[in-house]
Amino acid sequence: MNLQIEIDDGSGFCFGVTTAIKKAEEELVKGETLYCLGDIVHNGMECERLRQLGLITIDHEQMQQLHDVKVLLRAHGEPPQTYELAQRNNIEIIDATCPVVLQLQKRIKKQYEGQGAPQIVIFGKKGHAEVLGLVGQTEGHAIVIESLDDAKRLDYGRDIYLYSQTTKSLDEFHRIIEYIQQHIVPTATFRWFDTICRSVANRMPNISSFAARHDLILFVCGRKSSNGKVLYGECLRVNPNTHLIEGPEEIDFSWLNDIKTVGICGATSTPKWLMEQCRDAIIKGRE
């Protein structure tokens, strides 16, 4: 049977991740030592590729021991303390914070430093690198909510200013907004700011129609990726014959029995070359 395989054009690195990787490659090509604070992208294979080029991944604790070196900050962004540490230790920062995240950090910081003391609420994943950077703009005072259930525990007698991690689901964000609007007391102010990145949000309708077009979907993604979980969930909703794999070695060829079309897609942290490897493994496996 002639099997058709399509790689989704809309999948692959978002602008922020592409820029961070490009900045890393530009530094590494000079032959200099470059450290990266945290995994540059939530994809093990891409991290390994860059490690082989010389990129050294470190955590915050390890950064405290470094002096007079270059450290790259990835697209997720960092709290102010990281920049202060860099200054103290004479560390040169290569800042690859995504412009969308950077703008959001500035808005939250300005709001926090402004008049009054509203509850600054961030809809996001607790402990996620981007969220830690956002909470850091408020000296740790922002409240992080992960779901509508968390939102029910807010203080509805006080002003609420709601923001979102850039890669969250638009639908859930709007459900939270509606709930707060219905429950906040008339004397309190509620303001919300749609800070969800459109290059990520727009992937939802695109990936839905892509998943619907094929008999089988291979969603290629690192299991740590938040954005990957959301997009994979959407594929699975539209097409129950969807499998999450981290790379070609996880393909089970029995999935291909009686299949005419295979769609290969992924997250904003999935490199194009990895989706191509999965396609090539299918072709080779069927020869």
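Two strands are taken to pair if DSSP finds at least two bridges between them; helices (H or I, at least four residues) and strands (E, at least two) are DSSP runs, numbered from the N terminus. The model is predicted: local features need pLDDT of at least 70 and side-chain atom pairs count only at pLDDT 80 or more, whereas totals for chains, interfaces and linings use all residues. Residues are numbered from 1 along each chain as its sequence is written, and side-chain values use heavy atoms, with hydrogens and water left out.

One open sheet has four strands in the order E7-E6-E8-E9, with parallel pairing. Strand E7 (143-145) and strand E9 (190-192) are its edge strands, each pairing on one side only. From one strand to the next, the twist averages 25°; axes are lines fitted to C-alpha atoms, for helices over the stretch in contact, and angles run from 0 to 180 degrees between N-to-C directions. Strand E8 (residues 160-164) runs parallel to E9 and is joined to E9 by three bridges. Opposite isoleucine 160 stands phenylalanine 190 in E9. Helix H5 (residues 99-113) packs on this sheet and touches strand E6 (119-123) and E8, contact meaning heavy atoms within 4.5 Å. The direction of H5 makes about 165° with that of E8.

A further open sheet of four strands, also with parallel pairing, has the order E3-E2-E4-E5. Here the edge strands, each pairing on one side only, are strand E3 (55-58) and strand E5 (92-95). With direction ignored, neighbouring strands of this sheet are turned by 35° against each other on average. Four bridges link strand E4 (residues 70-73) and E5 in the parallel sense, and aspartate 95 in E5 is the bridge partner of leucine 73. Helix H4 (residues 80-88) packs on the sheet, where H4 touches strand E2 (34-37), E4 and E5. Its direction makes about 145° with that of E5.

The axes of helix H1 (residues 15-28) and helix H2 (residues 44-52) come within 11 Å and cross at roughly 20°. H1 and H2 are therefore roughly parallel to each other (angles under 35 degrees count as roughly parallel, over 145 as roughly antiparallel, 65 to 115 as roughly perpendicular and the rest as oblique). Ile21, Glu25 and Leu28 of H1 make the contact with Glu46, Arg49 and Leu50 of H2.

Strand E10 (residues 216-220) and strand E11 (residues 242-245) run parallel and are joined by four bridges. Valine 220 has isoleucine 245 in E11 as its bridge partner.
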